[in-house]
Amino acid sequence: MPARLLSIPAVAAALDVDRRTVYRFIAAGDLPVVDLRTGTDRSRVRVPAAGLEEFIASRLVVSPRPRR
């Protein structure tokens with residue numbers, strides 16, 4: 001089954017951040033992308049859904065239990 005690819009606006013909506021923030025995550029190497037370039041035009045990148053899930057899991061913070 002082919003990987004599900006998400007657009008930058010879809011990733012931004014899923015993370016509740018601006019598109020520029022998604023591009024910063026990509027530039028930092030935190031989010032993987034697939035480049036769908038069709039020639040010399042600007043690249044069209046998509047984020048694999050699995051990559052987004054891994055990104056979210058890597059940033060998951062579990063709060064410590066309160067002391068009694």
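A search of the whole structure, a predicted model, finds 1 aromatic pair. The partners are F25 and F55, whose ring centres lie 4.8 Å apart with 50° between the planes, a tilted arrangement. F25 belongs to helix 2 and F55 to helix 3, so the contact ties together parts of the chain that are 30 residues apart in sequence. Is each ring buried or exposed? F25 has a relative accessibility of 17% and counts as buried, because the limit for that class is under 20%. F55 is buried too, with a relative accessible area of 5%.

F55 leads on to the rest of helix 3. The buried residues of this helix are A49, G51, L52 and F55. Around the axis they cover an arc of only 160°, which puts them on the same side of helix 3. The other side of helix 3 carries exposed residues, namely E53, E54, A57 and S58. Helix 3 thus presents a buried side with F55 on it and another side where E53 and E54 are among the exposed residues.

Attention now turns to the strands. The model contains an open sheet of 3 strands, arranged in the order 1-3-2 with antiparallel pairing. Strand 1 and strand 2 stand at the edges; each has a single partner strand, so one side of each is left without a neighbour in the sheet. Strand 3, which spans residues 45-48, pairs with strand 2 in the antiparallel sense, and 2 bridges join them. Within this pairing, V34 has R46 of strand 3 as its bridge partner.

V34 also takes part in a surface feature. Together with L5 and L36, V34 forms a nonpolar patch on the surface, and the accessible area of the three residues together is about 200 Å². L5 sits in strand 1, which covers residues 5-6. With a relative accessibility of 36%, L5 counts as partly exposed.

Charged contacts complete the picture. Side chains of opposite charge can pair when their charged atoms come close. How many salt bridges does the structure hold? The count is 3, and each can be described by its N to O distance and by the accessibility of its partners.

In one of these salt bridges, the side chains of R20 and D18 meet at 2.8 Å, N to O. R20 is exposed, at 58% relative accessible area, while D18 is partly exposed at 37%.

Another salt bridge brings together R59 and D30, with an N to O distance of 3.2 Å. This pair links distant parts of the chain, 29 residues apart: R59 lies in the segment after helix 3 (49-58), and D30 in the loop between helix 2 (19-27) and strand 2 (34-35). R59 is partly exposed, with a relative accessibility of 45%. D30 likewise counts as partly exposed, at 36%.

The remaining salt bridge joins R37 and D35, whose closest N and O atoms are 3.0 Å apart. R37 has a relative accessible area of 49% and is partly exposed, because the exposed class begins over 50%. D35 is partly exposed as well, with a value of 38%.

Definitions and conventions. Residues are numbered from 1 along each chain as its sequence is written. This is a predicted model: local features need pLDDT of at least 70, side-chain atom pairs count only at pLDDT 80 or more; totals for chains, interfaces and linings use all residues. Side-chain values use heavy atoms; hydrogens and water are left out. A salt bridge is a side-chain nitrogen of Lys or Arg within 4 Å of a carboxyl oxygen of Asp or Glu. Buried means under 20% relative accessible area, exposed over 50%, partly exposed in between (1.4 Å probe, protein chains only). Helices (H or I, at least four residues) and strands (E, at least two) are DSSP runs, numbered from the N terminus. Patches are made of residues with over 30% relative accessible area and no salt bridge: like charges are joined within 9 Å, nonpolar side chains (Val, Leu, Ile, Met, Phe, Trp, Tyr) within 5 Å. Accessible areas come from the Shrake-Rupley method with a 1.4 Å probe; for residues, only the protein chains shown count as cover. Rings of Phe, Tyr and Trp (its six-membered ring) pair if their centres lie within 6.5 Å; planes under 30 degrees apart count as stacked, over 60 as edge-to-face and the rest as tilted. Two strands pair if DSSP finds at least two bridges between them. The arc is that of the directions from the helix axis to the C-beta atoms.
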